[in-house]
Amino acid sequence: MSFLSSLKSILSFEEENRAFEAGNPNFITQASRIKHALQILMESHVHISILLDDESEHTTRLIGVSNNGLLLDQLNNREAHNKMRSAKDIQVLAKRSAIPFNFNSRVLSLAKGGGYFISMPEKIYHPQKRDFFRIPLENIEKYKFSASLQYSENTLTGHIIDASFGGICVAVYANCYVKKGDILSPASMVLKNGDKIISDFTVCTVKKAHQDGFTRLGCQFLNIEPAEKKNLHKFITESSRERAKKP
């Protein structure tokens with residue numbers, strides 16, 4: 001399978017997965033993703049706040065995640081513990097990497113070894129950290145990308161996967177090692193109408209697809225002329241509108 005065919009196949013699969021998720025990017029709603037996110041929260045050992053019906057707030061930790069529910073550590077304060085024993089609906093408030101991680105739950109029972117067994121949430125409020133939402137692009141063969149690593153003869157060529165006002169994600173073949181923090185200069189991207197945008201980029205993320213031989217780079221615009229920035233914003237806005245019209 002060619003590079004482009006393989007890439008389009010993977011992106012099509014990812015797009016199908018996105019279709020199962022709610023349209024609001026601020027919420028996690030898929031059951032498998034909810035469980036995975038809660039496991040990450042537990043492994044981070046962050047303190048979480050429990051808000052009860054009487055609006056009192058108490059601090060605890062998430063110490064267990066299973067398919068049947070969640071296990072919270074026992075509250076130290078006796079009065080708070082008694083309130084938790086008789087509570088039904090609760091709000092769980094937490095932050096991970098300064099991003100809210102909030103959900104509603106129900107107290108199911110007291111745990112044998114101490115603590116509280118609560119229900120698995122139906123959704124989690126966990127807004128995206130990025131400043132700009134990405135617009136996935138269709139017919140990616142139209143969106144070509146080429147660049148050089150700054151101060152070298154090493155080159156990268158590929159296609160643009162998605163774009164935002166702050167940067168792009170590209171899938172490239174590279175004849176060199178690329179890492180976070182590298183500068184791509186000069187770099188160019190071709191839009192569907194044939195317009196070419198010239199800009200420098202900072203590499204923010206690197207993800208290697210070992211089986212398919214290409215590398216995904218998340219890149220932030222570094223130097224872009226006002227006129228080209230205007231054309232880029234117009235392209236992203238039009239692409240967003242076209243995508244919104246689809247059923």
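Let's start with a term: a residue is buried under 20% relative accessible area, exposed over 50%, and partly exposed in between, using a 1.4 Å probe and protein chains only. By that yardstick, aspartate 54 counts as partly exposed, at 44% relative accessibility.

This is a predicted model, in which local features need pLDDT of at least 70 and side-chain atom pairs count only at pLDDT 80 or more, while totals for chains, interfaces and linings use all residues. Residues are numbered from 1 along each chain as its sequence is written, and side-chain values use heavy atoms, with hydrogens and water left out.

**Charged pairs**

A salt bridge here is a side-chain nitrogen of Lys or Arg within 4 Å of a carboxyl oxygen of Asp or Glu. The count comes to four salt bridges, and the table lists some of them, including the one made by aspartate 54.

| Pair | Closest N and O atoms |
|---|---|
| Lysine 83 and aspartate 54 | 3.0 Å |
| Aspartate 73 and arginine 61 | 3.6 Å |
| Lysine 179 and aspartate 182 | 3.0 Å |

Helices (H or I, at least four residues) and strands (E, at least two) are DSSP runs, numbered from the N terminus. The bridge between lysine 83 and aspartate 54 links distant parts of the chain, 29 residues apart: lysine 83 is in helix H3 (residues 78-86), and aspartate 54 is in the loop between strand E2 (47-51) and strand E3 (57-66). Lysine 83 is partly exposed, at 27% relative accessibility.

What about the pair of lysine 179 and aspartate 182? Their side chains meet in a salt bridge, yet lysine 179 is partly exposed at 42%, whereas aspartate 182 is buried at 12%.

**Aromatic pairs**

Rings of Phe, Tyr and Trp (its six-membered ring) pair if their centres lie within 6.5 Å; planes under 30 degrees apart are stacked, over 60 edge-to-face and the rest tilted. The whole structure holds four aromatic pairs. One of them is tilted: tyrosine 143 and phenylalanine 235 sit 5.7 Å apart, centre to centre, with 55° between the planes. Tyrosine 143 lies in the loop between strand E9 (135-136) and strand E10 (144-149) and phenylalanine 235 in helix H4 (residues 226-245), so this pair ties together parts 92 residues apart in sequence. Both tyrosine 143 and phenylalanine 235 are buried.

For phenylalanine 145 and phenylalanine 201, the ring centres are 5.9 Å apart and the planes at 65°, so that pair is edge-to-face. Phenylalanine 145 and phenylalanine 201 are both buried, and they form one aromatic cluster with Phe221.
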